[in-house]
Amino acid sequence: MGVAILMIVGATAAMDRLPRLRRLLTPVIAVGTMSLTAYVGHFVVQGWLPSLGATYDEESWVTLINFVLGAIVFAGIWSRFFRRGPLEYLLNAATRPAKHIR
């Protein structure tokens, strides 16, 4: 737990002090802003692969890299046009009426 907290504090401090690092990691930050969409997208794609005739090994590094790169590319493109991911927009719209309930 302490190592995880130290990593988060270190990454936050590095992002604050090094603007070039922030620009370099913009695609990764985009995935973080739409994590729900990325998680659901991975499950959906993983379910579609066998029906498309594609085979993949659950322990393969190639499969992992393809999923990671796919999420980064999608999030990078999406974040140029929208602030939130598509599922984050739906979740926000679904929970907005709760602000008016006392």
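## Secondary structure and overall form

Helices here are DSSP runs of H or I with at least four residues, strands are runs of E with at least two, and both are numbered from the N terminus. By that definition the protein, which is a predicted model, contains six helices and zero strands, and its elements follow one another from the N terminus as α-α-α-α-α-α. The radius of gyration is 17 Å, well over the 13 Å that the globule rule gives for 102 residues, so the protein is more spread out than a compact globule.

Along the principal axes, the C-alpha atoms occupy a box of roughly 45 × 40 × 35 Å. Of the 102 residues in the protein, 14% are buried. When contacts with a separation of 6 or more are considered, 57% of them join residues that stand 24 or more positions apart.

## The largest pocket

The largest pocket holds about 200 Å³ of space, and its lining is made up of Thr37, Ala38, Gly41, His42, Val45, Thr63, Asn66, Phe67, Gly70, Ala71 and Phe74. Two elements, helix H4 (35-51) and helix H5 (61-81), each contribute at least two residues to this lining, with H5 providing the largest share, namely six residues.

Sorted by class, the lining of the largest pocket comprises five nonpolar and six polar residues, together with no charged residues. For a reader who wishes to check that tally, Gly is counted among the polar residues, whereas Ala, Val and Phe are counted as nonpolar.

## Aromatic pairs

Three aromatic pairs are counted in the model. One of them is formed by Phe82 and Tyr89, whose rings meet edge-to-face, with 6.4 Å from centre to centre and 80° between the planes. The pair is classed as edge-to-face because its planes are 80° apart, and the class covers planes over 60 degrees apart.

Ring pairs also join Phe74, Trp78, Phe82 and Tyr89 into a cluster, and one member of that cluster, Phe74, is listed in the lining of the largest pocket as well. As for solvent accessibility, Phe82 is partly exposed at a relative accessible area of 39%, and Tyr89 is likewise partly exposed, at 32%. Both values fall into this class because it spans the range between the buried limit, under 20%, and the exposed limit, over 50%.

## Individual residues in helices H4 and H6

Helix H6 spans residues 86-95 and includes Ala94, which is exposed, with a relative accessible area of 59%. The C-alpha atom of Ala94 lies 32 Å from that of Leu64, a residue 30 positions away along the chain. Ala93 is also located in helix H6, but this residue is partly exposed, its relative accessible area being 42%. Between Ala93 and Arg20 the separation is 73 residues in sequence and 34 Å in space, taken from C-alpha to C-alpha.

Ser35 belongs to helix H4 and is partly exposed, with a relative accessible area of 31%. The C-alpha atoms of Ser35 and Ala71 are 9.4 Å apart, although 36 residues separate the two along the chain. Ala71, for its part, appears among the residues that line the largest pocket.

Note on methods: Residues numbered from 1 in each chain as written. Predicted model: local features only at pLDDT ≥ 70, side-chain atom pairs only at ≥ 80, totals over all residues. Heavy atoms only, no water. 1 Å grid on protein atoms, 1.4 Å probe; cavity = no way out; pocket = protein on both sides within 12 Å on 5 of 7 lines; lining within 4 Å. Points joined across faces, edges and corners; volume = space filled by probe spheres on them. Phe/Tyr/Trp six-rings, centres within 6.5 Å; stacked < 30°, edge-to-face > 60°. Buried < 20%, exposed > 50% of the residue type's maximum accessible area, 1.4 Å probe, protein only. Rg over C-alpha atoms; globule rule 2.2 N^0.38 Å. Contact = heavy atoms within 4.5 Å.
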